[in-house]
Amino acid sequence: MAAKLYIVYYSMYGHVEKLAEEIKKGAESVVGVEAKQWQVSETLSDEVLGKMSAPPKSDVPIITPGELAEADGLIFGFPTRFGMMSAQFKAFMDATGSLWRTQALAGKPAGIFYSTGSQGGGQETTALTAITQLVHHGMIFVPIGYTFGAGMFEMEQVKGGSPYGAGTFAGDGSRQPSELELKQAFHQGKCVATIAKKLKKSA
């Protein structure tokens with residue numbers, strides 16, 4: 001039976017979703033892995049979203065907390081809000097109490113990816129502060145480290161991401177993930193999928 005990898009994210013302007021799409025491709029490049037994208041529920045009203053010029057959400061299905069337990073591996077993505085995950089994703093994690101009580105997610109490998117507005121906007125702190133969510137659930141944090149190779153040391157162009165996971169810079173919203181950032185996202189998907197497959201096989 002194929003290992004299931006769930007890519008679960010919140011994306012307001014589409015930057016995180018673009019990374020998620022590439023992560024899914026990377027995961028699916030691993031034989032024996034099935035990857036699926038999920039969104040978490042929006043917490044803001046349509047009126048507020050309209051004032052923020054947020055585009056309509058895509059047709060990616062909305063996940064419920066209980067469905068996390070179905071996955072053999074998870075990769076969580078979100079934009080940064082003051083150096084931490086967005087309130088929408090935190091609200092989703094706050095609703096996983098029943099999974100925490102039974103430790104239903106314990107032992108599952110999990111990665112993190114993110115988007116920030118600027119180079120000093122939380123490319124590492126967003127992931128670092130999010131790890132607490134994984135720890136309380138007993139999940140195994142899977143960083144990409146420096147396995148992306150030369151792309152980790154790129155100095156000639158602006159590039160998001162870190163050893164914690166793939167990332168992008170949204171700027172004022174007009175900047176989209178670069179080719180290098182998308183390649184890093186693909187790499188992350190492949191890395192976490194490979195580990196999820198190995199752990200499922202050894203279970």
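The legends below accompany an overview and several close-up views of a predicted model.

**Figure 1. Overview of the protein chain, with six helices and seven strands.** Followed along the sequence, the elements of the protein chain come in the order β-α-β-α-β-β-α-α-β-α-β-β-α. The radius of gyration of the protein chain is 16 Å, close to the 17 Å that the globule rule gives for 203 residues, so the chain is as compact as a globular protein of that length. Along the principal axes, the C-alpha atoms of the protein chain fill a box of roughly 45 × 40 × 30 Å. Of the 203 residues, 48% count as buried, and the accessible surface of the chain comes to about 9600 Å², of which carbon and sulfur atoms contribute 58%. Among contacts between residues at least 6 apart in sequence, 75% join residues that are at least 24 apart.

**Figure 2. The span that carries the UniProt annotation "domain: Flavodoxin-like".** According to the UniProt record, which is an unreviewed entry, this annotation covers residues 5-192. In the predicted model, the C-alpha atoms at the two ends of residues 5-192 lie 8 Å apart, and the span is 32% helix and 19% strand.

**Figure 3. A nonpolar surface patch formed by Tyr13, Val48 and Met52.** Together, the three residues of this patch present about 230 Å² of accessible area. Tyr13 is located in the loop between β1 (3-9) and α1 (15-28). With a relative accessible area of 38%, Tyr13 is partly exposed, and this value exceeds the 30% that a residue must pass to be counted in a patch.

**Figure 4. A salt bridge within helix α1, between Glu28 and Lys24.** The side chains of Glu28 and Lys24 meet with an N to O distance of 2.7 Å, in a structure where a search of the whole finds eight salt bridges. Both residues belong to helix α1, where they stand four residues apart, about one turn of the helix. Glu28 counts as partly exposed at 39% relative accessibility, and Lys24 is likewise partly exposed, with a relative accessible area of 22%.

**Figure 5. A salt bridge between two loops, joining Glu42 and Lys57.** The closest N and O atoms of Glu42 and Lys57 are 2.9 Å apart. This pair links distant parts of the chain, since Glu42 is in the loop between β2 (33-39) and α2 (46-51), while Lys57 is in the loop between α2 and β3 (73-81), 15 residues apart. Glu42 counts as partly exposed at 24% relative accessibility, and Lys57, with a relative accessible area of 32%, is also partly exposed.

**Figure 6. A salt bridge within helix α3, between Lys90 and Asp94.** The closest N and O atoms of Lys90 and Asp94 are 2.7 Å apart. Helix α3 (residues 87-94) holds both partners, which are four residues apart, about one turn of the helix. At 31% relative accessibility, Lys90 is partly exposed.

**Figure 7. Two loop residues, Ser53 and Phe82, each with a positive phi.** Ser53, in the loop between α2 and β3, has a phi near 60°, a positive value in a residue other than glycine. With a relative accessible area of 60%, Ser53 is exposed. Phe82, which is placed in the loop between β3 and β4 (84-85), has a phi near 55°, again a positive value in a residue other than glycine. Phe82 counts as exposed at 83% relative accessibility.

**Figure 8. The surroundings of Gly151, a buried loop residue.** Gly151 lies in the loop between β6 (140-141) and β7 (167-169), and its relative accessible area of 10% places Gly151 among the buried residues, because buried means under 20%. When residues up to four places away in sequence are not counted, Gly151 touches Lys159 and Leu180. The C-alpha atoms of Gly151 and Gly161, 10 residues apart along the chain, are separated by 10.0 Å.

**Figure 9. Val135 in helix α5, shown together with Gln176.** Val135 is part of helix α5 (residues 125-137) and counts as exposed at 57% relative accessibility. Val135 and Gln176 are 41 residues apart in sequence, and their C-alpha atoms are 31 Å apart in space.

Methods. Residues are numbered from 1 along each chain as its sequence is written. This is a predicted model: local features need pLDDT of at least 70, side-chain atom pairs count only at pLDDT 80 or more; totals for chains, interfaces and linings use all residues. Side-chain values use heavy atoms; hydrogens and water are left out. Patches are made of residues with over 30% relative accessible area and no salt bridge: like charges are joined within 9 Å, nonpolar side chains (Val, Leu, Ile, Met, Phe, Trp, Tyr) within 5 Å. Accessible areas come from the Shrake-Rupley method with a 1.4 Å probe; for residues, only the protein chains shown count as cover. A salt bridge is a side-chain nitrogen of Lys or Arg within 4 Å of a carboxyl oxygen of Asp or Glu. Buried means under 20% relative accessible area, exposed over 50%, partly exposed in between (1.4 Å probe, protein chains only). UniProt positions are given in the numbering used here, feature names are shortened, and annotations may be inferred rather than shown by experiment. The radius of gyration is taken over C-alpha atoms; the globule rule is 2.2 Å times the number of residues to the power 0.38. Contact means heavy atoms within 4.5 Å.
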